[in-house]
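User: Please take a close look at one part of this model for me. I would like to see how its main nonpolar core is put together.

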Amino acid sequence: MRPYALLRALARAGYGRGGTDLHVQGSLTEAAGLATAEPADCAIALAVADVHTPAGTEPDRDGLARLLARALPDGDDALRGAVLYARPGEALLPTPASGRERRYVDFDPAASGARLVLMAVRGDPADRAAELSRAVACARRAGALSAWPPGERPGRSVLMLLPEARLTAVRAAVAQDFRDRGRPVPRFLNIAVAGAARREE
């Protein structure tokens, strides 16, 4: 089990050697189509490390990233990077080669009159790839500027950038196409370009 492997690795690194009690609660539904394992891994690592880090000092995020990569080598490093190193109003470029600094570019959709939206298809898993492709094509025809997967692994959702003025039209066009074919209408979630995971005081 992922949490136990992670907790054992944290204990070996000096975080929580006497044991750790965790209560984890998430509000992201399965219908969102987003991977939740890596964000949960990072949240657990940050929470445990924060408790065992001197007051007023931030946990060593670089050290935790290396620990996560060793303890859970099958994880998506891009998603981990987003959780550990994200910045408001900026996009983190793909993981750099070892020893190179992380690179960011300005990315503030709201400032340019655009919206970042996640679109996730529902229904039979065997049909999801085709349905997602159709939904993206429909969204582009209705005005979406671009679409890309939210992680390295293929899934049931895409992130879309679209003009604020076309948000309703894109949602309506996709919904109508799926209703006309008797298919479950995809879910749309508004995405905020936020900072890294952190303690909420």
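Analyst: This is a predicted model. Start with one residue, Leu162. Beyond its neighbours within four places in sequence, Leu162 is in contact with Ala114, Arg115, Val117, Gly143, Ala144, Leu145, Leu167 and Val170.

Leu162 belongs to the largest nonpolar core, which has 20 residues. Along with Met119, Met160 and Val174, Leu162 ranks among those with the most contacts inside this core. Four elements each supply at least two of its residues: strand 3 (114-120), helix 5 (128-142), strand 5 (157-163) and helix 6 (167-180). Helix 5 gives the largest share, six residues. In soluble globular proteins, nonpolar side chains tend to be buried together.

Now the two helices. Helix 5 and helix 6 pack with their axes 8 Å apart, at an angle of about 135°. That angle falls outside the ranges for roughly parallel, perpendicular or antiparallel, the last of which begins over 145 degrees, so helix 5 and helix 6 are oblique to each other. The crossing of helix 5 past helix 6 is right-handed.

Which residues make the contact? Helix 5 brings Glu131, Arg134, Ala135, Cys138, Ala139 and Ala142. Helix 6 answers with Ala169, Val170, Ala173, Val174, Asp177 and Phe178. By type, nine of the contact residues are nonpolar, three are charged and none is polar. Two names recur here. Val174 of helix 6 is in this contact and is also among the core residues with the most contacts. Val170, on the helix 6 side, is a contact of Leu162 as well.

Note on methods: Residues numbered from 1 in each chain as written. Predicted model: local features only at pLDDT ≥ 70, side-chain atom pairs only at ≥ 80, totals over all residues. Heavy atoms only, no water. Core = buried A, V, L, I, M, F, W, Y, C linked by side-chain atoms within 4.5 Å. Buried < 20%, exposed > 50% of the residue type's maximum accessible area, 1.4 Å probe, protein only. Contact = heavy atoms within 4.5 Å. Axes fitted to C-alpha atoms, helices over the stretch in contact; angles between N-to-C directions. Parallel < 35°, antiparallel > 145°, perpendicular 65-115°, else oblique. Left-handed = near helix turned anticlockwise from the far one by under 90°. Nonpolar A, V, L, I, M, F, W, Y, C, P; charged D, E, K, R; others polar.
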